[in-house]
Amino acid sequence: MSSRKSDATRRRLLDAATADFAAHGIAGARVDRIAAAAGINKAQLYAYFGDKLGLFGAVFRLHADAVVDSVPFTADDLPQYAVRLYDTAVERPELIRLATWARLEGVATDNLATESSAAVATKLQAIADAQRDGRVTASMDPRDVLALVLAMALTWSASGLSATAAPDDPSAAHDRRKQALFQAVSGAFGARG
């Protein structure tokens, strides 16, 4: 099998698996259904990914990579970072659904995400440096700052408790939410004089 054909088959599998895992969760996803949607047999799926959890890990990493790559972190502008995360969650709701299913089903996504503990440590150090320099409030642990910024950014996602934002929502609704998010993150984590 040529490398190009193999890559195309792998991509079809990942696309079909994304849809199935996002809709049905890990336990509810069916290898038969995924293989059929990708136009391959189950043996090929197992050859590529080993088992259903291996396939889920590949799907999760694919989407987590895309988010990490599209939303660069900066401790100097946590409000804008949160707004970019909001936009990404609206554009890529499948990652939020995948992460929610993983959490509900007890699958540790920190083992699946490509963002290493070193990358997270770099973010935490950047927050600590911004706190030390007076750019971010120093009254909270950097881990809590990062966790709260993430939670605030995902308020309107499928994992939040509010109405879920969708790409086809009126732009005024997105603008209103992003302004509220920007103000909330600014107020919660901005340096206090």
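Trainee: What makes Arg-33 and Asp-20 a pair that forms a salt bridge?

Mentor: In this predicted model, the closest N and O atoms of Arg-33 and Asp-20 are 2.5 Å apart. The cut-off for a side-chain nitrogen of Arg and a carboxyl oxygen of Asp is 4 Å, and because 2.5 Å lies within 4 Å, the pair is called a salt bridge. Arg-33 lies in helix α2 (residues 31-38) and Asp-20 in helix α1, so this pair ties together parts that are 13 residues apart in sequence.

Trainee: Why does Asp-20 count as buried, and why does Arg-33 count as partly exposed?

Mentor: Asp-20 has 7% relative accessibility, and because buried means under 20%, the word applies to Asp-20. Arg-33 stands at 36%, a value between the 20% limit for buried and the 50% limit for exposed, and therefore Arg-33 is called partly exposed.

Trainee: How do you know that Arg-11 and Asp-15 meet in a salt bridge, and how are these two residues placed in helix α1?

Mentor: The side chains of Arg-11 and Asp-15 come to 3.0 Å, taken from N to O, and since that value is within 4 Å, the name salt bridge follows. Arg-11 and Asp-15 are four residues apart in helix α1 (residues 3-28), which means that about one helical turn separates them. Arg-11, with a relative accessible area of 40%, is partly exposed, and Asp-15, with 39%, is partly exposed as well.

Trainee: Which residue forms a salt bridge with Lys-178, and what distance supports the name?

Mentor: The partner of Lys-178 is Asp-87, and their closest N and O atoms are 3.0 Å apart. Asp-87 belongs to helix α5 (residues 78-91) and Lys-178 to helix α9 (residues 171-189), so the salt bridge ties together parts that are 91 residues apart in sequence. Asp-87 has a relative accessible area of 24% and is therefore partly exposed.

Trainee: Which residues are joined into one network by salt bridges that share partners, and how many salt bridges does the structure hold?

Mentor: The network consists of Asp-76, Asp-129, Arg-132, Asp-133 and Arg-135, while the structure as a whole holds 11 salt bridges.

Trainee: Is Arg-177 buried or exposed, and how do you know?

Mentor: Arg-177 has a relative accessible area of 9%, and because that is under 20%, Arg-177 is buried. The residue sits in helix α9, and, leaving aside neighbours within four places in sequence, Arg-177 is in contact with Tyr-86, Trp-156, Ala-165 and Asp-169.

Trainee: How many aromatic pairs does a search of the whole structure find, and what makes the pair of Tyr-48 and Phe-49 tilted?

Mentor: The search finds five aromatic pairs. In the pair of Tyr-48 and Phe-49, the ring centres are 6.0 Å apart and the planes stand at 35°; the distance is within the 6.5 Å cut-off, and the angle is neither under 30 degrees nor over 60, so the pair is called tilted. Tyr-48, at 24% relative accessibility, counts as partly exposed, whereas Phe-49, with a relative accessible area of 10%, is buried.

Trainee: Why is the pair of Tyr-86 and Trp-156 called edge-to-face?

Mentor: The ring centres of Tyr-86 and Trp-156 are 5.9 Å apart and their planes are at 80°, and because 80° is over 60, the pair is edge-to-face. Tyr-86 lies in helix α5 and Trp-156 in the loop between α8 (142-153) and α9, so the pair ties together parts that are 70 residues apart in sequence. Both Tyr-86 and Trp-156 are buried.

Trainee: Which residues do ring pairs link into a cluster?

Mentor: The cluster is made of Phe-21, Phe-56 and Phe-60.

Trainee: What elements does the protein have, and what share of its residues is buried?

Mentor: The protein has nine helices and zero strands, and buried residues make up 37% of its 193 residues. Among contacts with a separation of 6 or more, 66% are between residues 24 or more positions apart. The C-alpha atoms fill a box of roughly 65 × 40 × 30 Å, taken along the principal axes.

Methods. Residues numbered from 1 in each chain as written. Heavy atoms only, no water. Buried < 20%, exposed > 50% of the residue type's maximum accessible area, 1.4 Å probe, protein only. Contact = heavy atoms within 4.5 Å.
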